[in-house]
Amino acid sequence: MTTSRYPHLLEPLDLGFTTLKNRVIMGSMHTGLEEEKNGYDRMAAYFAERAKGQVGLMVTGGIAPNRQGWTAPFTSKMTSKREARKHKKITKAVHDADGKICMQILHSGRYGYHPLAVAPSAIKSPISPFKPWKLSGWGVNRTIRHFVRAAKLAQFAKYDGVEIMGSEGYLINEFVSAKTNKRTDKWGGSFENRIQFPLEIIRRTREAVGENFILIFRLSMLDLVEEGNTWEETVHFAKEIEKAGATIINTGIGWHEARVPTIATMVPRGGFSWVTQKMMNEIKIPLVTTNRINTPEKAEEILANGHAHLVSMARPFLADPELVKKAIEGREDEINTCIGCNQACLDHVFKQKTASCLVNPRACHETILNYTPTLSPKKIAVVGAGPAGLSAAAVAAGRGHTVTLFEAQSEIGGQFNIAKLIPGKEEFYETLRYYKKQIELHGVELKLNHKATAQELLEFDEVIISTGIKPRTIELEGMEKNTVLDYEDVLKHNKSVGNKVVIIGAGGIGFDMAEFLSHEGKSPSLDTHLFLKEWGIDGTNSTRGGLTKPNPHPSPREITMLQRSETKIGKDLGKTTGWIHRSSLKMKKVTMLNGVSYDKIDENGIHITRNNEPQFIEADTIVVCAGQVSVHALHEGLIALGKTPHLIGGGKLAKKIDAQRAIREGSELGAGI
Ligand code: FAD
Ligand code: SF4
């Protein structure tokens with residue numbers, strides 16, 4: 001065992017009355033388990049697994065202090081001993097695993113997706129259809145009492161502390177900001193008045209729970225909205241939070257309504273730790289930094305550079321509950337790294353589905369999907385080493401089967417090898433590194449450059465076909481011209497692309513293609529300075545809310561994206577990331593046209609009809625990103641020979657295939673075979 005690579009990260013933190021075993025906090029995430037059948041058993045298993053993985057402290061998803069504070073109708077609240085008792089399952093499981101856990105108290109304020117929502121002033125947010133009710137003076141006092149009651153109940157439920165959610169634009173943030181607090185009583189007006197609501201909550205909570213209870217306050221250090229707070233105000237507020245009795249201050253970056261990406265994959269790793277660093281000498285209590293920290297190396301670097309005392313990682317613990325343990329044991333190359341995609345975590349929660357993880361379908365399904373050793377080892381062939389085949393092979397071999405993995409190409413990864421080339425998707429390399437290591441560890445026999453044939457598969461007990469997809473072609477006059485390419489020609493075969501480009505198809509791959517072609521030079525996802533400049537974030541903290549004018553690198557090409565359907569372009573992109581892709585391409589001046597029918601292609605461009613009007617768009621290259629078709633001839637060949645192979649991933653169904661479905665299907669089959 002070696003701990004020398006991470007001396008800062010793995011150093012214990014003595015809080016006086018209790019000691020955290022290291023500097024890693026698992027940040028708060030709403031998973032939807034609270035609302036599931038057997039939700040508390042499932043949460044107990046979920047948190048216990050992460051506690052066993054050696055994380056220093058965990059924070060639960062947000063729990064409302066009353067009904068008005070719900071994020072959506074009937075989400076969890078902490079208002080009575082009856083509710084608190086249910087949480088004892090969680091705290092016991094965590095403590096039995098030698099972990100520590102705080103409960104987050106979150107009042108959603110005007111973000112509440114229900115008609116009971118309240119706020120300092122009756123101002124509707126741009127992201128909720130419900131206009132909030134203005135809290136009366138009596139209502140403000142009652143809400144403070146409810147925060148304190150929730151903290152007391154958390155103590156009764158044996159939590160090690162609470163985190164009071166004061167950022168991301170929720171109720172507390174709304175009180176603090178002049179943008180949302182237009183009150184004329186003692187809770188509004190000057191900044192000093194506006195911070196009294198949270199300060200009163202902290203003071204009275206501390207009084208109620210005593211000294212030996214962790215009280216974290218999540219402070220919005222960078223609002224990223226117009227009329228947000230100034231840095232000087234934020235520093236003053238932090239000092240008052242410390243005086244009021246907080247144990248730790250956690251960093252919040254950006255309100256939910258901010259039009260700047262703060263956690264998605266295009267945000268550079270640790271791209272906001274500089275904000276916390278500025279606060280480091282202002283207060284004495286420990287500071288936590290957060291946002292897009294996904295590896296122990298990055299976390300160590302942040303701490304070693306004095307940007308914070310602790311790091312918070314949330315989604316990385318969905319991807320790998322053992323992240324810290326693997327770092328402690330020097331097995332970091334075995335970490336399943338969070339790629340920041342949001343596809344199975346946040347996107348699910350926003351669709352009212354239980355969260356999971358694209359790269360780890362066991363996340364939040366710990367009692368349901370398990371990879372237990374097999375009692376009857378078999379000889380298994382897996383054909384195709386894309387995400388579906390890789391996950392099937394790794395899980396089946398991990399359980400004790402003898403697995404041979406055939407891949408026609410010279411490297412594993414399938415379409416993920418193309419995806420990783422898109423600026424902003426560099427994290428996808430990590431998933432391939434993870435699977436490469438997994439198949440090595442579990443002794444999978446990998447046959448690269450080997451296109452499997454039906455005949456050679458007959459000797460296996462089980463055959464898994466994961467042969468994936470290929471680009472779909474369309475019927476159109478002029479398609480044979482050499483100015484017409486598909487996405488594999490551009491991304492895999494490096495065919496040259498001109499300066500005026502038309503992209504046919506505006507789905508996920510069409511958007512990625514536009515991102516790829518409108519980009520030049522270093523990816524802003526790999527350089528915080530470029531990222532801040534591109535999105536208009538004031539790295540000097542001299543403007544209100546931390547916003548300046550976006551200044552992206554101009555596109556080297558004139559690009560037009562075309563879509564057949566009349567629906568809004570990008571409608572089917574990720575719920576929490578689609579707006580980022582649309583804004584990013586808008587900044588690059590990419591033209592997007594919907595409701596288009598394609599007439600023909602000639603040597604100068606493409607003829608289309610839109611709104612019953614013929615149009616011509618000049619282009620020297622036309623890239624077709626019009627969906628995909630399954631590759632499954634081998635499956636049929638095997639059936640003809642009397643075998644009953646399993647078919648998974650894009651090879652089974654090309655429509656809407658993504659890596660989330662591919663990895664889930666592979667893992668589930670690998671677990672059951
Ligand atoms: P594939 O990835 O197609 O893998 C199939 C493999 O089988 C290939 O390696 C192929 O060479 C091999 N094969 C085929 N026949 C044989 C044979 N006879 N013998 C041996 N090997 C064979 N998904 C997301 O979830 N999120 C994203 O952000 C995302 N971005 C993307 C961006 C781009 C540009 C692209 C192209 C795709 C993106 N995807 C994304 C989609 C994702 O990559 C695919 O859905 C996923 O790779 C499908 O996995 P699969 O294993 O079913 O098939
Ligand atoms: Fe990370 Fe994507 Fe998994 Fe969410 S779904 S935890 S963003 S890898």
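Four helices each supply at least two residues to the lining of the second largest pocket: H1 (39–52), H13 (387–398), H15 (428–441) and H22 (659–672). The model you are looking at is predicted, and this pocket is a good place to start exploring it. Its volume comes to about 700 Å³. If you want to find the middle of it, go to Lys326, Arg362, Tyr371, Tyr434 and Gln438, which are the closest to its centre of the 28 residues that line it. The lining of this pocket is a mixture by class, with 11 nonpolar, 8 polar and 9 charged residues. Domain 1 (13–350) and domain 2 (379–470 + 629–672) each contribute at least three residues to that lining.

Those domain names deserve a quick map. The protein chain is divided into domain 1 (13–350), domain 2 (379–470 + 629–672) and domain 3 (473–519 + 555–626). Let us take domain 2 and domain 3 as a pair. Their C-alpha centres lie 30 Å apart, and 9 residues of domain 2 are in contact with 10 residues of domain 3.

What lies between these two domains? Both domain 2 and domain 3 give residues to the lining of the largest cavity, so this cavity lies between them. Its volume is about 180 Å³. Of its 19 lining residues, Met266, Pro423, Gly424, Glu515 and Ser584 are the closest to the centre. Helices again help to build the wall: H18 (508–517), H19 (528–535) and H20 (578–587) each supply at least two residues of the lining of the largest cavity. By class, that lining holds 7 nonpolar, 7 polar and 5 charged residues.

A search of the whole structure turns up 6 cavities of 30 Å³ or more. The second largest cavity encloses about 80 Å³ of space. Among the 15 residues that line it, those closest to its centre are Cys338, Cys341, Cys345, Cys357 and Leu358. Its lining is made of 10 nonpolar, 4 polar and 1 charged residues.

Now for the strands. Following the order S3-S4-S5-S8-S9-S10-S11-S12 takes you round a closed barrel of 8 strands with parallel pairing. On average, neighbouring strands of this sheet are turned by 30° against each other, direction ignored. To see one of the pairings up close, look at strand S5 (residues 101–105) and strand S8 (residues 161–166), which run parallel and are joined by 4 bridges. One residue to pick out here is Cys102, whose bridge partner in S8 is Gly161.

Helices pack on this sheet too. Helix H2 (residues 81–96) touches strand S4 (57–63) and S5, and its direction makes about 145° with that of S5. Helix H6 (residues 196–209) touches S8 and strand S9 (214–222), with its direction at about 165° to that of S9.

For a contrast in strand direction, move along to residues 596–602, which form strand S22. This strand runs antiparallel to strand S23 (residues 605–610), and 6 bridges join the two. S22 and S23 form a hairpin, with 2 residues between them. Within the pair, Lys600 stands opposite His607 in S23. Both kinds of pairing follow a common principle: strands of a sheet pair through backbone hydrogen bonds, either parallel or antiparallel.

Conventions. Residues are numbered from 1 along each chain as its sequence is written. Chains are lettered from A and ligands numbered from 1 in the order in which they are written. This is a predicted model: local features need pLDDT of at least 70, side-chain atom pairs count only at pLDDT 80 or more; totals for chains, interfaces and linings use all residues. Side-chain values use heavy atoms; hydrogens and water are left out. Two strands pair if DSSP finds at least two bridges between them. Axes are lines fitted to C-alpha atoms, for helices over the stretch in contact, and angles run from 0 to 180 degrees between N-to-C directions. Contact means heavy atoms within 4.5 Å. On a 1 Å grid over the protein atoms alone, a cavity is a set of points where a 1.4 Å probe fits but cannot get out, and a pocket is an open set with protein on both sides within 12 Å along at least five of seven lines; lining residues have an atom within 4 Å of a point. Grid points are joined across faces, edges and corners, and a volume is the space filled by probe spheres set on the points. Ala, Val, Leu, Ile, Met, Phe, Trp, Tyr, Cys and Pro count as nonpolar, Asp, Glu, Lys and Arg as charged, and the others, Gly among them, as polar. Domain bounds come from an automatic or database domain assignment.
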